[in-house]
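Colleague: Please take me through this structure one point at a time, giving the reasoning behind each answer.

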Amino acid sequence: MRFLIQRVTHAEVSVDNNIIGQIQNGYLVFIGISQQDTKEIADKMVHKLLNLRIFEDNAGKTNLNLDAVGGGLLLISQFTLYADCRHGNRPSFLNAGKPDLANSLYEYIIAKCKETVPVVAHGAFGANMKISLLNDGPFTILLDSDEI
């Protein structure tokens with residue numbers, strides 16, 4: 001499982017020119033799910049996500065987590081995080097999770113985040129989405145379940 005996390009001051013997702021989710025201060029998280037992922041892996045990734053200390057404290061140090069700043073989450077499913085570009089010029093997505101598994105785990109991640117984060121917005125699985133954001137920093141982190 002991969003989470004591409006961007007610290008943002010604003011982010012929104014729209015489908016067919018209709019905004020379906022938006023947050024102010026918080027994280028925009030692109031979620032890639034592989035065929036080997038499980039709820040246990042999702043739990044580990046959500047725990048890491050919610051405890052990351054990448055907001056600045058009063059001393060200007062990145063020392064605060066999402067809860068400490070009252071931040072929100074915008075969660076977007078993105079199978080392209082499992083693109084394999086090693087051969088040729090056309091990416092392969094064979095390592096991405098099949099739609100049924102990926103959607104189930106994506107919905108699970110949304111529900112887990114909603115248990116502790118007051119503002120959780122999300123995209124529409126499988127839809128052509130337009131994402132707008134104002135990256136804060138910029139601050140972007142890639143979490144890979146194989147590395148945490």
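Modeller: Let us fix the terms for accessibility before going on: a residue is called buried when its relative accessible area is under 20%, exposed when that area is over 50%, and partly exposed in between. Please keep in mind that this is a predicted model.

Colleague: In the salt bridge between the side chains of R86 and D84, which residue is buried?

Modeller: The side chains of R86 and D84 come together with an N to O distance of 2.7 Å. R86 has a relative accessible area of 64%, so R86 counts as exposed. The relative accessible area of its partner is 14%, which is under the 20% limit, and therefore the buried residue is D84.

Colleague: How many salt bridges does the structure hold, and how many residues apart are D144 and R2?

Modeller: Side chains of opposite charge can pair when their charged atoms come close. The structure holds 4 salt bridges, one of which joins D144 and R2 at 3.0 Å, N to O. This pair links distant parts of the chain, since D144 belongs to strand 8 (residues 130-144) and R2 to strand 1 (residues 2-15), and their separation is 142 residues.

Colleague: Is D144 buried or exposed, and what does R2 count as?

Modeller: With a relative accessible area of 8%, D144 falls under the 20% limit and is therefore buried. R2, at 23% relative accessibility, lies between the two limits, so R2 counts as partly exposed.

Colleague: What is the N to O distance in the salt bridge of K112 and E115, and which of the two residues is exposed?

Modeller: The side chains of K112 and E115 meet at 3.6 Å, N to O. K112 has a relative accessible area of 25% and is partly exposed. A value of 56% is over the 50% limit, so the exposed residue is E115.

Colleague: Which element gives the most to the largest nonpolar core?

Modeller: That core has 28 residues, and those with the most contacts inside it are F3, Y27, V29, L49, L73, L75 and I109. At least two residues each come from strand 1, strand 3 (26-32), helix 1 (39-51), strand 6 (72-77) and helix 2 (99-114). The element that gives the most, with 7 residues, is helix 2.

Colleague: What covers the buried residues of helix 2?

Modeller: Helix 2 has 16 residues and reaches 22 Å from its first C-alpha to its last, close to the 22 Å expected. Its buried residues are A102, L105, Y106, Y108, I109, I110 and C113. Of these, Y106, I109, I110 and C113 are among the residues that L75 touches. The covering elements include strand 7 (120-122), helix 1, strand 1, strand 3 and strand 6.

Colleague: Within what arc do the buried residues of helix 1 fall?

Modeller: The end C-alpha atoms of helix 1 are 18 Å apart, which agrees with the span expected for its 13 residues at 1.5 Å a residue. A42, M45, V46, L49 and L50 are buried in this helix, whereas E40 and H47, on the other side, are exposed. Seen down the axis, the buried residues of helix 1 line one face, because they fall within an arc of 125°.

Colleague: What covers the buried residues of helix 1?

Modeller: In soluble globular proteins, nonpolar side chains tend to be buried together. For the buried residues of helix 1, the cover includes strand 1, strand 3, strand 6, strand 8 and helix 2.

How values were computed:
Residues numbered from 1 in each chain as written. Predicted model: local features only at pLDDT ≥ 70, side-chain atom pairs only at ≥ 80, totals over all residues. Heavy atoms only, no water. Helix = DSSP H or I, 4+ residues; strand = E, 2+ residues; numbered from the N terminus. Buried < 20%, exposed > 50% of the residue type's maximum accessible area, 1.4 Å probe, protein only. Core = buried A, V, L, I, M, F, W, Y, C linked by side-chain atoms within 4.5 Å. Contact = heavy atoms within 4.5 Å. Expected span 1.5 Å × (residues − 1). Arc of directions from axis to C-beta. Lists of a residue's contacts leave out its neighbours within four places in sequence.
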